[in-house]
Structures are given as C-alpha cells and as structure tokens.
Amino acid sequence: MRIKYKKTDRIVTQNIFKFLKTVIITLVALYGLLVILLKIPVVQEQLTIVVQRQLTTILDTPVGIEHINIGYPDRIILDNVSIKDLQGEQLLQVARLSARFEWIPLLRDGRISIHTAQIFGLQANINRQYPKAPLNLQFIIDRLSTPKDTTSENKLDLRINSLLVRRSKVNYDVVSEKKTPERFNPNHLAFSNINANISLKALNKDSVNLHIKRFDFKEHSGFTLKGLEAHMTGNKRGIHLQDFKLNLPQSHLSLNELKMDFQNDSIPFRNFIMNGGLAKGSHLTPSDIASFIPALSDFNSKLNLSIP
C-alpha cells in the first residue's frame, strides 16, 4: 500500500531540513570564526593576560605565561610558564606545556581524561628550610586542595594516555642540612636530563594502572639511571608488577613478575610472591651504585644476579 503525503506535509518536512541545515552551517561558521579569532596575535595576547591574572589570583603568587595557543577542539599549548614561591624565588618554569583533553568523559561523568600531555624544559626548585618545615610549594597544594567533605564521595578518576617529559630538571633541598658532594644525599637532590614516557591508564580511589615506557635521569651525586620500564597495576587487594627493567651504565636488572597480597594482612609487605625471580641476564656492576656506597667506586666487575 502506497502512502500518499499531503502537500503541507512535504512543506513542513522541507522546512525542518532547511532549519537543521541553517543551524549546522551557523555552528560551523561560529566555530570557524572562533578558531580564526584565536589565531590573531592581539586576541592571543589578551587571552594570555586574562589567564595569567586568573592563575595569579587562584595561586596568590606571580604566574607568568609568554604565549597561549588554543588548538581546537581539544588542544592547549602554553609557552614559557613560570611560577614564583611566596619568597619571590623561582619555583617552577616550563619552556612548553601542552595537553589534549577528551571532553566527552569530562562532560558525561566528570572523569578527567587527557589524551596526551607534553612537558618540555621543566625546571623545578623545591625546598624546605628544615626537615619538618613545609615545602615551598605547600601553598599551591593548599590552594588547589578541595575542602574535606565527609558527606560526598571521593571522585578522583584520572587517565593520561601518554605523558611525555623531555629535557627537565628537578632540585630538592633541605636548607638547614649539610651537603655531601659526590655522595647521594636525600636532603639535597638535583635531577637533570629527565626524560619520561608514561601512560596512566587509571587512577582512582580503588585502583591504579601505570605503564612506565621510559624513565631516565642523572643525579648530581653521580648516579645515572639509563632507563626504567615497568607495568604496575594495583588495588585494595594488592599490587602486580610486570615487565620491570632497570638499566644503569654497566648494570641491568630485569624482573619477570612480582605480586604483593594485601588481603588479610595488616602488614602488606610481609606477604609477597616473586614469580620467576630476576630474569636471565640480570647483572650488577657495584661501581654503578658508588654514590650510595662510596667504598664500591673501584668495583667494576660484573656480578651475575640471575635467579633460576
């Protein structure tokens, strides 16, 4: 049976399609106009000034940003970012900071999902005046912390598909403590040439899924981490570590699998299972850890650590 449409029905249908077409064209035009506007230097300068002022107000300390570039629909790039501590000293400086967000998880359920984050040329200077004194960045932590609310559930739910860190430095000092040149000192740390490629698949109140694809640095005591790889998953029941590989200048440690069971045990590190032990080819050259134990500085012989 053929359905016949009245002339008025066809007109209504045509008008609906025309209206939808107009709405779509208008939205695309507005989007294109916004993209063009944000590429104009004057608009970018004003945007940078506004963001600087807002961050300075939020953190209650001078924040500097040389340039902001918005790459629609989901990318933001900040150049030459600097933050001072409450004493006016340089706390943080980043040559370039960029991120690509995923808007749907944020709008749908409040989950923060970052597709890629890149940090280039980070310089962080962290210190405290004496061992139990607050860090010079404690004021930022306090500013960004939300007030405790016992009636609401902790909604921490973070995902970073890819975090890239290149050519970065991090210094930590306890000002009152004595320095020990050429010896590792937890009160005076200076990490340089930090490079990392990390994937944080999940971080919430119940679980973590972390994949370290690359992590290397040099410490001013002489200790050098040539490379670290690992895949760790964990929850309230325990931790599972796989594909652990650690490389020093003349040493290599590889772990097949390690499981740590937290269930029915008030001391979680007492019960753990190491399947397969250290993998074949694992070895240590003692001089690689001479910054921790100076007496090992002349021990250059390779020690086999493989456990069958």
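How much space lies in the second largest pocket? In this predicted model, the volume of the second largest pocket is about 240 Å³. The legends below begin with the whole chain and then turn to individual regions.

**Figure 1. Overview of the predicted protein chain.** Four helices and 14 strands are assigned in the protein chain. The chain has 308 residues, of which buried residues make up 30%. When contacts between residues at least 6 apart in sequence are considered, 45% of them join residues at least 24 apart.

**Figure 2. Lining of the second largest pocket, which holds about 240 Å³ of space.** The pocket is lined by 15 residues, and those closest to its centre are Gln87, Asn127, Gln129, Leu135 and Asn136. By residue class, the lining of this pocket comprises seven polar, five nonpolar and three charged residues. Two elements, β4 (112–128) and α4 (138–144), each contribute at least two residues to the lining. The element that gives the most is β4, with three residues.

**Figure 3. Helix α2, residues 41–59, and its length.** Helix α2 contains 19 residues, and at 1.5 Å a residue these should span 27 Å. The C-alpha atoms at the two ends of α2 are 27 Å apart, which agrees with the expected span. Immediately after the helix, Asp60 adopts a positive phi of about 60°.

**Figure 4. Buried and exposed residues of helix α2.** Gln44, Thr48 and Leu59 are the buried residues shown in α2. Viewed down the helix axis, the buried residues of α2 fall within an arc of 40°, so they line one face of the helix. In an α-helix there are 3.6 residues a turn, so residues three or four places apart point the same way. The exposed residues Val42, Arg53 and Thr57 are on the other side of α2. Packing of the buried residues of α2 involves three elements, namely β1 (63–71), β2 (75–84) and α4. Helix α4 also supplies at least two residues of the lining of the second largest pocket shown in Figure 2.

**Figure 5. Ile58 of helix α2 and its separation from Ile140.** Ile58 is found in helix α2. Is Ile58 buried, exposed or partly exposed? With a relative accessible area of 42%, Ile58 is partly exposed, because this value lies between the limits of 20% for buried and 50% for exposed. Ile58 and Ile140 are 82 residues apart in sequence, and their C-alpha atoms are 9.1 Å apart in space.

**Figure 6. Positive phi values at Asn193 and Asp243.** Strand β6 (residues 188–204) contains Asn193. Although Asn193 is a residue other than glycine, its phi is positive, near 50°. Asn193 counts as partly exposed, at 42% relative accessibility. Asp243 belongs to strand β10 (residues 238–248). The phi of Asp243 is positive as well, at about 55°, and Asp243 is not a glycine.

**Figure 7. Lys178 in the loop between β5 and β6.** The loop that holds Lys178 lies between β5 (157–174) and β6. Lys178 is exposed, with a relative accessible area of 71%. Which residues does Lys178 touch, not counting residues up to four places away in sequence? Under that exclusion, Lys178 touches Asn185 and His188. Lys178 and His188 are 10 residues apart in sequence, with a C-alpha to C-alpha distance of 8.5 Å.

**Figure 8. Lys280 in the loop between β12 and β13.** Lys280 is placed in the loop between β12 (272–278) and β13 (283–284). The relative accessible area of Lys280 is 84%, and Lys280 is therefore exposed, since the limit for that class is over 50%. Along the chain, Lys280 and Asn304 are 24 residues apart, and their C-alpha atoms are separated by 9.1 Å.

Notes:
Residues numbered from 1 in each chain as written. Predicted model: local features only at pLDDT ≥ 70, side-chain atom pairs only at ≥ 80, totals over all residues. Heavy atoms only, no water. 1 Å grid on protein atoms, 1.4 Å probe; cavity = no way out; pocket = protein on both sides within 12 Å on 5 of 7 lines; lining within 4 Å. Points joined across faces, edges and corners; volume = space filled by probe spheres on them. Nonpolar A, V, L, I, M, F, W, Y, C, P; charged D, E, K, R; others polar. Expected span 1.5 Å × (residues − 1). Buried < 20%, exposed > 50% of the residue type's maximum accessible area, 1.4 Å probe, protein only. Arc of directions from axis to C-beta. Contact = heavy atoms within 4.5 Å.
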